[in-house]
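Trainee: I would like to go through a protein model with you, one question at a time. Please show it first.

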Amino acid sequence: MSDNTSDNSTLSAAETSAQDRTSPESHRPIRSYVIRAGRYTDAQKAAIDEHWDDFVVPYEERHFSTEELFGSANPLTVEIGFGMGDSLLEMAIANPERNFLGIEVHKPGVGKLLHGLAEHGVTNVKVFCHDAKDILAHCIESASIETLLIFFPDPWHKKRHNKRRLVQTEFISSLLPLLMEGGRIHLATDWEPYAEHMVEAMEAVEGVCNINGTGNFWQTPDRPETKFERRGVRLGHGVWDLLYEKKSA
Ligand SMILES: C[S@@+](CC[C@H](N)C(=O)[O-])C[C@H]1O[C@@H](n2cnc3c(N)ncnc32)[C@H](O)[C@@H]1O
């Protein structure tokens, strides 16, 4: 939701052709987002100016241990693509005995989260404002994540954009070593074709099992409602959650 409306079907022709330039010759990685010029509220701007260094970890290609990031080894939840951060803030306040690492490329959304974190005096959240694929490839220690959340990732409606969807068998398989044994992956979407794609992609990941039975959605998810979810529900969309657990080796 790089524009936080996330209707990727409305990309301009120029944006679309730039995004489709993923031929072997171009050597461009396939991005799951588009950075758009964001509008900032005064509160978001002020939070970025005043609190960036308190919560945002500068990207470096090295491992950051949970202790280094949070000063404690409490169980770690990682949320990829937290958008405006409302649900991450709610979870962090409700679970002070856990650590939360949020990853988001949309800077106004990071500003919104920083505002909330500072306002509520939250100390168990850190943020990377960078591509989650780089963070997961380089910055997280193995077997350190207890819960991985991907709530309402950009749906990339058009067939030719489906390859940009974050939830892919290869991507999820690549990050399994970062999960503790018994660690969980919770996914949600409001776009039915993406829900079907998610099940197919996840059931093909070796080393995880669907807590609700092969091919089944999670009917009673324990997560806050997200901003993007509310938008989907307003548009008459359904909501589909999936919960997987890493099998013991
Ligand atoms: C559709 S929005 C959903 C936001 C939020 N989870 C919600 O439900 O309201 C998806 C978000 O994922 C972010 N995103 C997509 N790919 C990402 C990536 N590779 N790394 C970090 N953030 C990403 C986008 O910037 C966008 O804010």
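The questions below deal with strands, helices and single residues.

Mentor: This is a predicted model, in which local features need pLDDT of at least 70 and side-chain atom pairs count only at pLDDT 80 or more, while totals for chains, interfaces and linings use all residues. Residues are numbered from 1 along each chain as its sequence is written, and side-chain values use heavy atoms, with hydrogens and water left out.

Trainee: In which sense do strands E4 and E5 pair?

Mentor: Helices (H or I, at least four residues) and strands (E, at least two) are DSSP runs, numbered from the N terminus. Two strands pair if DSSP finds at least two bridges between them. E4 covers residues 145-151, E5 covers residues 179-189, and 6 bridges link them. The sense of this pairing is parallel.

Trainee: Which residue in E5 stands opposite leucine 149?

Mentor: Look along the pairing of E4 with E5. Opposite leucine 149 in E5 stands histidine 186.

Trainee: Which hand does the β-α-β unit of E4, helix H7 and E5 have?

Mentor: A crossover is right-handed if, with the strands pointing away from the viewer, the path from the first strand over the helix to the second runs clockwise. The helix of this unit is H7, residues 169-175. The unit is right-handed.

Trainee: Which residue in E7 is the bridge partner of leucine 187?

Mentor: E5 is also joined to strand E7 (residues 240-246) by 6 bridges, and these two strands run antiparallel. In E7, leucine 187 has as its bridge partner leucine 242.

Trainee: Why do the buried residues of helix H9 lie on the same side of H9?

Mentor: Buried means under 20% relative accessible area, exposed over 50%, and partly exposed in between (1.4 Å probe, protein chains only). In H9, residues 227-234, the buried ones are Phe228, Glu229 and Gly232. They are on the same side because the arc they cover around the axis, taken from the directions from the helix axis to the C-beta atoms, is only 100°.

Trainee: How far apart in space are glycine 232 and aspartate 190?

Mentor: Glycine 232 lies in H9 and counts as buried because its relative accessibility is 0%. Contact means heavy atoms within 4.5 Å, and glycine 232 touches Asp190 and His237, not counting residues up to four places away in sequence. Glycine 232 and aspartate 190 are 42 residues apart in sequence, yet from C-alpha to C-alpha their separation is 6.0 Å.

Trainee: Is phenylalanine 152 buried or exposed?

Mentor: Phenylalanine 152 lies in the loop between E4 and H7. Its phi is positive, near 55°, in a residue other than glycine. Most residues other than glycine have a negative phi. With a relative accessible area of 5%, phenylalanine 152 is buried.

Trainee: What is the relative accessibility of alanine 143?

Mentor: Alanine 143 sits in the loop between helix H6 (132-138) and E4. Alanine 143 is not a glycine, but has a positive phi of about 55°. Alanine 143 counts as partly exposed, because its relative accessibility is 48%.

Trainee: Which elements do the buried residues of helix H8 pack against?

Mentor: H8 (residues 192-203) has 12 residues. Among its buried residues are Tyr194, Met198 and Met202. The buried residues of H8 pack against H7, E5, strand E6 (208-210) and E7.

Methods: The expected span of a helix is 1.5 Å times one less than its number of residues.
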